[in-house]
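Trainee: I want to set the terms used for this model against their definitions, one by one. Where should we start?

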Amino acid sequence: MAENEGSAADVPIKEDCHEQFVGVNKQLLKSPEVLSVLQDSFGPSPSEYIKSLPISVRRRIKALKKLQAEHNKLESQFFEEVHQLECKYAEKYEPFFQKRKAIVASEVEPTDVECDWPSDGEESSLSDQLKSKVKLAEKQEETVAAIDDNVKGVPGFWLTIFKNVDILSEMVQDHDEAILTHLQDIKLVMNSETGFRLDFVFEPNEYFSNSILFKEYFYRFKVDDSNPLDYEGPEIIRCTGSIIDWQKGKNVTVKLIKKVQKHKGRGTKRTITKTVQNDSFFNFFNPPQSIDGEEPDEETEALLGADFEIGHFIRERVIPRAVLYFTGEALDDDDDDEEEEEDDDDEYDEDGEEDEKDHDAEENEDDEKTHP
């Protein structure tokens, strides 16, 4: 009992000591001499180091910065020319994509010549006899498939791709899937002046009246004259999306919630209905907007960055290699790339550890020689 009372009495004393300690620290940090010592212990900052250089050296650094600004302007021209080249080849790729869309949407049936491609797992070293057996088996499969005329094109082509790709599957909700079965194509439309547009082409459906939902991204290629040293390539400045004309009761991007309110004075209750945003892939077409002439805040900038990453992935990966993401082969390639990067990191770490071990061994040898 006595010990417990003694412990309780010590608490105010400890608190007083802590407050005094904090107060002393605050006073010390106000001292220029103490601050100077602390700064010296951490070393000079880069800006302080530059200021400490002789005037002649700082003059040369100005010349280097001017060279950097001129380099950045030339680099911006490089990116503009790359964009023009991408626009040129986008037109050349278009016939392949149109043919793909026609097959997927069952607008045409591919010929035997167009279907002449090795089956999955078929080895190039198969003997002629084995190859003939494989062809016979394929013909039998085609005969069986031909009986079922209800299967048209490639059902669920784009929905399967969306579910296979992690960055897209995270966006797709259960209530989105039925809508995405009506997606027939995703087209890339390049704009030589501003950037690019993604057109999501839908067949007529019960959810909305739009035949195309678009997402457009706008670039800035030029160097900002007010800050020419801060150039890191084309910058996405804004993006816009379609206004979706939802059919009545089919809008999956919002949901209705009911809330009971109680009157403080009367004690009566009433139920109100409120519309709130619902998680959905189709929020992709309603990106965050920044106010013209103002820099976006950190949250908006982060959302725009994530949005552009998705749009860029669709443009650079999904559209050119759609069939491989449908079959999963492109996913294997992506995994291999990630594994190679991880292996490189592991090798680097292992090398570093070995170097440290060797260095420690050398130090031990030196110690043994110095202190036998």
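Trainee: What makes β2 and strand β3 (residues 212–220) a pair?
Mentor: Two strands pair if DSSP finds at least two bridges between them. β2 and β3 have seven bridges, in the antiparallel sense, so they satisfy that rule. F196, for instance, stands opposite Y217 in β3. This is a predicted model, in which local features need pLDDT of at least 70 and side-chain atom pairs count only at pLDDT 80 or more, while totals for chains, interfaces and linings use all residues. Residues are numbered from 1 along each chain as its sequence is written, and side-chain values use heavy atoms, with hydrogens and water left out.

Trainee: How do you know that strand β1 (residues 183–191) is joined to β2, and in which sense do they run?
Mentor: Eight bridges join β1 to β2, and the two run antiparallel. Among the bridge partners, L183 goes with F202 of β2 and K187 with D199 of β2. Three residues form the hairpin between β1 and β2.

Trainee: What counts as a strand or a helix, and how many of each does the chain have?
Mentor: Both are DSSP runs numbered from the N terminus: H or I over at least four residues for a helix, E over at least two for a strand. The chain comes to 11 helices and six strands.

Trainee: Why is β2 called mostly covered?
Mentor: A residue is buried under 20% relative accessible area, exposed over 50% and partly exposed in between (1.4 Å probe, protein chains only). Of the eight residues of β2 (195–202), seven are buried. For the chain, buried residues make up 23% of 372.

Trainee: Is D185, in strand β1, buried or exposed, and what else is around that residue?
Mentor: D185 has a relative accessible area of 5%, so D185 is buried. Contact means heavy atoms within 4.5 Å. Leaving aside neighbours within four places in sequence, D185 is in contact with R100, K101, W158, D199, F200 and V201. The C-alpha atoms of D185 and I319 are separated by 9.1 Å, although the two residues are 134 apart along the chain.

Trainee: Why does V172 count as buried, given that V172 lies in a loop?
Mentor: The loop runs between α7 (166–169) and α8 (174–180), but the label rests on accessibility, which for V172 is 12%, so V172 counts as buried. Not counting residues up to four places away in sequence, V172 touches F162, E177, L180 and F281.

Trainee: What makes the pair S280 and D176 a polar contact?
Mentor: A polar contact is a pair of N or O atoms within 3.5 Å; within protein, one must be able to donate a hydrogen and the other to accept it, and residues adjacent in sequence count only if both atoms are side-chain atoms. The side chains of S280 and D176 make such a contact at 2.7 Å. A polar atom of the S280 side chain also lies 3.1 Å from the backbone nitrogen of F282. S280 is in the loop between β6 (269–277) and α9 (298–318) and is buried because its relative accessibility is 8%.

Trainee: How do you know that the length of α9 agrees with what is expected?
Mentor: The expected span is 1.5 Å times one less than the number of residues. For the 21 residues of α9 that gives 30 Å, and the end C-alpha atoms are 29 Å apart, which agrees.

Trainee: What makes a set of residues a nonpolar core, and which residues have the most contacts inside the largest one?
Mentor: The set holds buried Ala, Val, Leu, Ile, Met, Phe, Trp, Tyr and Cys residues joined through side-chain atoms within 4.5 Å. The largest core has 46 residues, and F162, F200, F281 and F282 have the most contacts inside it. Its largest share, six residues, comes from α9. F162 is in contact with L168, S169, V172, L180, L183, I186, F200 and F281, leaving aside neighbours within four places in sequence.

Trainee: How confident is the predictor, and where is the pLDDT below 50?
Mentor: pLDDT is the predictor's confidence in each residue, from 0 to 100. The chain has a mean of 79, and 67% of its residues reach 70 or more. Residues 1–13 are below 50 and have zero contacts beyond near neighbours in sequence; residues 352–357 are also below 50, again with zero such contacts. Where pLDDT is low, the predicted coordinates should not be read in detail.
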